[in-house]
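Here are some notes to read with the model open beside you. Take the points one at a time and find each residue as you go.

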Amino acid sequence: MSTGIIGIGRALPEKILTNFDLEKMVDTNDEWIRTRTGIEERRIADENTNTSDIGYEAAKKAIEDANISPDEIDLILVATVTPDQPFPSVACMLQERLGAKKAAALDVSAACAGFMYGMVTAKQFIDNDVYKYVLVVGVEKLSKITNWEDRNTAVLFGDGAGAVVLGKVTEGRGILSFELGADGSGGKHLYQDEFIQMNGREVFKFAVRQMGESSENVLVKAGLSKEDVDFLIPHQANIRIMEASRQRLNLPEEKLSKTVHKYGNTSAASIPISLVEELEAGKIKDDDVIVMVGFGGGLTWGALAIRWGK
């Protein structure tokens with residue numbers, strides 16, 4: 001038996017903020033946003049909805065999809081940079097709200113790569129037979145740390161959550177290989193003071209290089225070639241960065257997950273949100289090889305090669 005995904009879920013706020021709405025708020029326009037980022041709209045949570053609320057909805061769906069009860073969860077890992085408050089953690093809030101009474105709980109802070117860090121951490125506990133089921137949630141309410149008067153960042157971010165339950169799957173399926181990394185010297189290019197601050201040019205250069213390298217590295221570790229890849233799910237930050245990753249793996253366009261146009265950059269939530277979307281669309285089938293890859297503030301990065309199925 002190996003470790004893989006046995007349940008999935010996602011949650012998105014109802015409110016849609018389009019590029020045309022942003023034209024009324026800040027000095028920008030729809031064409032400029034679309035051509036540079038690929039984003040057309042994003043979801044924004046209302047002021048009464050917090051990170052834990054969105055995460056709870058996604059987590060509940062993932063647990064139901066895994067066909068287990070909350071009290072069977074051994075560990076809850078929540079990847080987020082927008083917790084409701086410094087402590088208690090969002091993971092502890094979810095533990096109580098879900099009724100996952102025996103679960104340990106902590107938040108993971110690796111920005112947009114946080115979901116990858118959470119998945120890899122969960123894998124260690126399950127591989128070593130310490131825990132049977134681990135819930136990993138990627139959730140953000142980036143709207144509360146976005147400066148809506150900054151034309152460079154206001155157009156990028158959205159709110160949402162994605163969740164998975166990890167457990168034992170059939171041998172040969174599940175997580176085949178992974179890579180995690182960090183470069184603290186690049187932290188000055190993407191950080192939060194009151195709001196998100198970003199040196200777009202430096203982050204773009206880093207992301208294009210690192211996403212491609214990490215994708216290739218996990219294939220080598222898994223003993224696979226580029227031709228073996230059935231689907232690529234990159235962090236949904238910018239269509240040009242995503243396309244560079246696709247081209248690095250020599251994949252046709254239909255094998256690239258693209259949800260950035262609908263949801264913008266949802267940080268740690270973007271990969272699991274996209275995973276659910278592609279599964280619901282029937283684009284991922286049992287025994288498909290999927291590469292997931294993300295990068296974020298820190299600077300951090302992470303990638304996984306997975307053979308889909310239970």
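1. Let's start with a term you'll need: a residue is buried when its relative accessible area is under 20%, exposed when it is over 50%, and partly exposed in between. Keep in mind that this is a predicted model. Now try it on two cysteines. Cysteine 92 has 36% relative accessibility, so it counts as partly exposed. Cysteine 112 comes out at 11%, so that one is buried. As for disulfides, the structure holds 0 of them. In case the word is new, a disulfide is a covalent bond between the sulfur atoms of two cysteines.

2. Next, have a look at helix H2, residues 30–37. Which of its residues are buried? They are Asp30, Ile33 and Thr37. These three cover an arc of only 80° around the axis, and therefore sit on the same side of H2. What do they pack against? Their partners are helix H1 (19–23), strand E3 (41–43), helix H7 (239–248) and helix H8 (260–263).

3. Check both ends of H2 while you're there. At the N-terminal end, asparagine 29 acts as a cap, with a side-chain oxygen 3.2 Å from the backbone nitrogen of glutamate 31. Just after the helix, glycine 38 has a positive phi of about 85°.

4. Now for some empty space. The largest pocket holds about 670 Å³. Its lining is made of 32 residues, and those nearest the centre are Leu156, Phe157, Met198, Gly200 and Val203. H2 turns up here too: along with strand E9 (190–192), strand E10 (196–198), helix H6 (200–222) and H7, it gives at least two residues to the lining. H6 supplies the largest share, 4 residues.

5. Threonine 146 is worth a stop. You'll find it in the loop between strand E6 (134–141) and strand E7 (159–169). Is it buried or exposed? With a relative accessible area of 3%, threonine 146 is buried. Its side chain reaches the backbone oxygen of leucine 142 at 2.7 Å. Leaving aside residues up to four places away in sequence, threonine 146 touches Thr153, Ala154, Phe157, Phe195 and Ile196. You've met Phe157 already, among the residues nearest the centre of the largest pocket.

6. Leucine 224 is another loop residue, this time between H6 and strand E11 (231–234). At 17% relative accessibility, leucine 224 is under the 20% cut-off, so it counts as buried. Again skipping residues up to four places away in sequence, its contacts are Leu176, Leu219, Val289 and Arg307. Try finding alanine 305 as well: it is 81 residues from leucine 224 in sequence, but the C-alpha atoms are 9.3 Å apart in space.

7. Last, some backbone oddities. Most residues other than glycine have a negative phi, and most peptide bonds are trans. Phenylalanine 87 and proline 88, however, are joined by a cis bond, with omega about 5°; proline 88 lies in the loop between strand E4 (75–79) and helix H4 (90–98). The bond from glycine 298 to leucine 299 is also cis, with omega near -10°.

8. For positive phi outside glycine, see alanine 111, near 55°, and aspartate 287, near 75°. Alanine 111 is in the loop between strand E5 (104–108) and helix H5 (114–127), and is buried at 14% relative accessibility. Aspartate 287 is in the loop between helix H9 (270–280) and E12, and is partly exposed at 37%.

Notes. Residues are numbered from 1 along each chain as its sequence is written. This is a predicted model: local features need pLDDT of at least 70, side-chain atom pairs count only at pLDDT 80 or more; totals for chains, interfaces and linings use all residues. Side-chain values use heavy atoms; hydrogens and water are left out. A disulfide is a pair of cysteine sulfur atoms within 2.5 Å. Buried means under 20% relative accessible area, exposed over 50%, partly exposed in between (1.4 Å probe, protein chains only). The arc is that of the directions from the helix axis to the C-beta atoms. Contact means heavy atoms within 4.5 Å. A polar contact is a pair of N or O atoms within 3.5 Å; within protein, one must be able to donate a hydrogen and the other to accept it, and residues adjacent in sequence count only if both atoms are side-chain atoms. On a 1 Å grid over the protein atoms alone, a cavity is a set of points where a 1.4 Å probe fits but cannot get out, and a pocket is an open set with protein on both sides within 12 Å along at least five of seven lines; lining residues have an atom within 4 Å of a point. Grid points are joined across faces, edges and corners, and a volume is the space filled by probe spheres set on the points.
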